[in-house]
Amino acid sequence: MISDPHKFIFIHINKTGGTSIEKVFVPEADQKDVRYKHASAAYYRRRFPIKFWRYFKFAFVRNPWDWLVSRYHWSRDRQHLFDYSFEEMLARMAKGSPLAEDEAWLENAALLPQVERLSVGGKVRVDFVGRYENLQHDFDTVCARLAIEPRTLPHTFKTDHGSYVDYYDDASRKIVERLYAADIAAFGYRFGG
């Protein structure tokens, strides 16, 4: 999302509260995609080079173990892309197998490490990285930076599941550690915390 009136670029990583943020600025964001939804920092850098360097750029990230549980439920229950178990999804990811027929975007975009989507030339190129785990607090920080009144975020597109820690055993936890080592290192996430 890019906003000329507020002079910001929001890099929306899926399942991190992004639609709730977009809805503050585009009230119908939960009914139709905003322009450039889920575009990466590299995309914005190519498409809007001057604005990219001048505008305030922000994003939100999420603990990779929790993020994958949410992504699984969204893809299975809301998008109906597959009907297998969470364990099967992780096993397919570990083998590099397709997760859904004719849905390569899932592996090629939606499940890319979050840090890759915020990077240009191997470096994170956003001014502020908020955390899903502190969504409202960190969004208040964004509002202060944009010099706008803080706004309470709605909770849109919630997935229905229990605590993410209950989805993992040692082997599946290690799959995520391997696949998302860059996110874990860049953002200091750990399992269970």
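**Figure 1. Asp66 and its surroundings in helix 4.** Asp66 has its place in helix 4 of this predicted model. With a relative accessibility of 12%, Asp66 counts as buried because the cut-off for that class is under 20%. When neighbours within four places in sequence are left aside, the residues in contact with Asp66 are Tyr132, His161 and Tyr164.

**Figure 2. The largest pocket and the elements that line it.** The space in the largest pocket amounts to about 670 Å³. Its lining is made up of 37 residues, of which Lys15, Thr19, Trp74, Thr156 and Phe157 are the closest to the centre. Two or more lining residues come from each of helix 1 (18–25), helix 4 (64–78), helix 6 (105–110) and helix 8 (135–146), and helix 4, with four residues, gives the most. Sorted by class, the lining of the largest pocket holds 16 polar, 11 charged and 10 nonpolar residues.

**Figure 3. The largest nonpolar core, with Tyr168 in detail.** This core has 39 residues, and those with the most contacts inside it are Leu68, Met89, Leu90 and Tyr168. At least two core residues are supplied by each of strand 2 (8–11), helix 2 (41–47), strand 3 (56–61), helix 4, helix 5 (86–95), helix 9 (170–179) and helix 10 (181–187), while the largest share, five residues, comes from helix 4. Helix 4 thus appears both here, with the largest share of the core, and in the preceding view, where helix 4 gives the most to the pocket lining. Neighbours within four places in sequence aside, Tyr168 is in contact with Pro64, Trp65, Leu68, Val69, Phe86, Leu90, Arg173, Val176 and Phe191. Another core, of 19 residues, lies apart from the largest one and has Val24, Cys143, Leu146 and Ile148 among its members.

**Figure 4. The open sheet of four strands.** The strands of this open sheet follow the order 1-2-3-6, and their pairing is mixed. Strand 1 (2–3) and strand 6 (128–131) stand at the edges, where each has a single partner strand, so one side of each is left without a neighbour in the sheet. Strand 2 and strand 3 pair in the parallel sense over four bridges, and in this pairing Ile9 has Lys57 of strand 3 as its bridge partner. The pairing of strand 3 with strand 6 is likewise parallel and runs over four bridges, with Val129 of strand 6 as the bridge partner of Ala59.

**Figure 5. The hairpin of strand 1 and strand 2, and the side chains of strand 2.** Strand 1 and strand 2 pair in the antiparallel sense over two bridges, and the bridge partner of Ser3 in strand 2 is Phe8. Four residues lie between the two strands of this hairpin, in which Lys7 takes a positive phi near 55°. From strand 2, Phe8 and Phe10 point one way, whereas Ile9 and Ile11 point the other way, and all of these residues are buried.

**Figure 6. Glu22, a buried residue of helix 1.** Glu22 has its place in helix 1, and its relative accessible area of 0% puts Glu22 in the buried class. Apart from neighbours within four places in sequence, the residues in contact with Glu22 are Met1, Phe10, His12, Ala29, Val34 and Lys37. Phe10 in this set is also one of the buried residues of strand 2 shown in the preceding view.

Terms used
Residues numbered from 1 in each chain as written. Predicted model: local features only at pLDDT ≥ 70, side-chain atom pairs only at ≥ 80, totals over all residues. Heavy atoms only, no water. 1 Å grid on protein atoms, 1.4 Å probe; cavity = no way out; pocket = protein on both sides within 12 Å on 5 of 7 lines; lining within 4 Å. Points joined across faces, edges and corners; volume = space filled by probe spheres on them. Nonpolar A, V, L, I, M, F, W, Y, C, P; charged D, E, K, R; others polar. Buried < 20%, exposed > 50% of the residue type's maximum accessible area, 1.4 Å probe, protein only. Contact = heavy atoms within 4.5 Å. Core = buried A, V, L, I, M, F, W, Y, C linked by side-chain atoms within 4.5 Å. Pairing = 2+ DSSP bridges.
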